[in-house]
Amino acid sequence: MRLRKALALGAVLSAALVAATASTAGADIGTGGGARPAPAWPSRAQATCGDGKSTAFPIGARIRGGPAVYRTGGGPQTWYLDLTNTTDSLCTAIHPVVVLTDKARALRPAHLRMEFDTPGGTLPVSLERSDRDEIIAVFDGGSAFPGFTVAAGGSLTVRVGLAFASDAPTGEVLADAAVVQRKGDDGEWIGEAGGYRFTVQGPQAPLEAGSLAHTGPRERAYGAGAGAVAALAVGGGLVVGARRLRAPAR
């Protein structure tokens, strides 16, 4: 799906997310295992990897391994984004775009620091606030990163480091991810992963016993209408992400 069309297709994606949530309610997709193919959205007309005939996303994606709690003022904590090429052709120029949404909509780019590993070393994630007060995190390495390459039928794991500043607002945060293939000054939405829910706490706040990070469709957003909220958030994030990816290298 072209990034420039992401918002226009938000309503269609909302319905698809609700359906996907219902159909996978009993699935354990939050822990263990490798990446799984993403659902096939009705709005997906052509794949940008493979033969272009499938209605399924060509890149399966999965967020895993993240902590349930981040401490303000603490060091980076690690989670992983697994990418699996479900096609029989090479996929290049892949850029994840993560949308972080907190309940109070109080998070700002200055409140967090995110980085990701590439074959050439660790790079910063570009952060921007959307007009819905989400944080959009684009894996572009400051516009210097050409994107990941995933071999046909192969998998790739991206390590992500995330830390929150001492003055960051506390509370629950939801992370959803889209996988984008850059194509010139635009791109295609080729995969989706979500949702990773965690809590930001002060340095002295007590930890909940047995707390674990939550991932998967059941944790996509807060309260009724969760699917619609998540779909629109990722759609808006793709628009911001497209602008980031089109920015000239500094």
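A polar contact is taken here as a pair of N or O atoms within 3.5 Å, where, within protein, one atom must be able to donate a hydrogen and the other to accept it. In this predicted model, such a contact, at 3.2 Å, joins the side chains of Gln 201 and Arg 71. Gln 201 belongs to strand E12, which spans residues 186-201, and its relative accessibility is 11%, so that the residue counts as buried, the limit for that class being under 20%. A second glutamine, Gln 181, is placed in strand E11, which covers residues 171-183, and is likewise buried, with a relative accessible area of 7%. The side chain of Gln 181 reaches a backbone atom, the oxygen of Thr 92, at 3.0 Å.

Confidence varies along the chain. The average pLDDT of the protein is 72, and 60% of the residues score at least 70. Among the elements, the lowest mean pLDDT, 34, belongs to helix H1 (residues 10-23), whereas the highest, 98, belongs to E10. The pLDDT is below 50 over residues 1-47, a stretch that nevertheless has 108 contacts in the model beyond near neighbours in sequence. Residues 217-233 also stay under 50, and for this segment the model has 46 contacts beyond four places in sequence. Where pLDDT is low, the predicted coordinates should not be read in detail. The contacts counted for residues 1-47 and for residues 217-233 are therefore to be treated with that caution.

Five strands are arranged as an open sheet in the order E1-E3-E10-E5-E6, with antiparallel pairing. The edges are occupied by strand E1 (59-64) and strand E6 (121-124), each of which has a single partner strand, so that one side of each is left without a neighbour in the sheet. From one strand to the next, the twist averages 25 degrees. Within this sheet, E5 pairs with E10 in the antiparallel sense over five bridges, and Arg 113 stands opposite Ala 163 in E10. The pairing of E5 with E6 is also antiparallel and extends over four bridges. In that pairing, Asp 117 stands opposite Thr 122 in E6, while Thr 118 has Gly 121 of E6 as its bridge partner. E5 and E6 form a hairpin, with two residues between them.

The two faces of E5 are distinguished by their covering: Leu 112, Met 114, Phe 116 and Thr 118 make up the covered face, whereas Arg 113, Glu 115 and Asp 117 make up the uncovered one. Asp 117, paired opposite Thr 122, thus belongs to the uncovered face, and Thr 118, the bridge partner of Gly 121, to the covered face.

Aromatic side chains were examined across the whole structure, and the search finds 10 aromatic pairs. One of these, formed by Tyr 70 and Phe 164, is edge-to-face, with 5.5 Å from centre to centre and 70 degrees between the planes. This pair links distant parts of the chain, as Tyr 70 lies in strand E2 (residues 69-71) and Phe 164 in strand E10 (residues 155-164), 94 residues apart. Both Tyr 70 and Phe 164 are buried. A further edge-to-face pair is made by Phe 116 and Phe 148, with a centre-to-centre distance of 6.0 Å and 70 degrees between the planes. Phe 116 is part of strand E5 (residues 112-118) and Phe 148 of strand E9 (residues 148-150), so this pair ties together parts that are 32 residues apart in sequence. Phe 116 and Phe 148 are both buried, and Phe 116 is one of the residues on the covered face of E5. In addition, ring pairs link Tyr 70, Trp 79, Phe 164, Tyr 196 and Phe 198 into a cluster, which includes the two residues of the first pair described above.

A further buried position is Val 97 in strand E4, which runs over residues 91-102. Val 97 has a relative accessibility of 1% and therefore counts as buried. The C-alpha atoms of Val 97 and Asp 140 are separated by 9.0 Å, although the two residues are 43 residues apart along the chain.

Key: Residues numbered from 1 in each chain as written. Predicted model: local features only at pLDDT ≥ 70, side-chain atom pairs only at ≥ 80, totals over all residues. Heavy atoms only, no water. Buried < 20%, exposed > 50% of the residue type's maximum accessible area, 1.4 Å probe, protein only. Phe/Tyr/Trp six-rings, centres within 6.5 Å; stacked < 30°, edge-to-face > 60°. Pairing = 2+ DSSP bridges. Axes fitted to C-alpha atoms, helices over the stretch in contact; angles between N-to-C directions. pLDDT = per-residue confidence, 0-100. Contact = heavy atoms within 4.5 Å.
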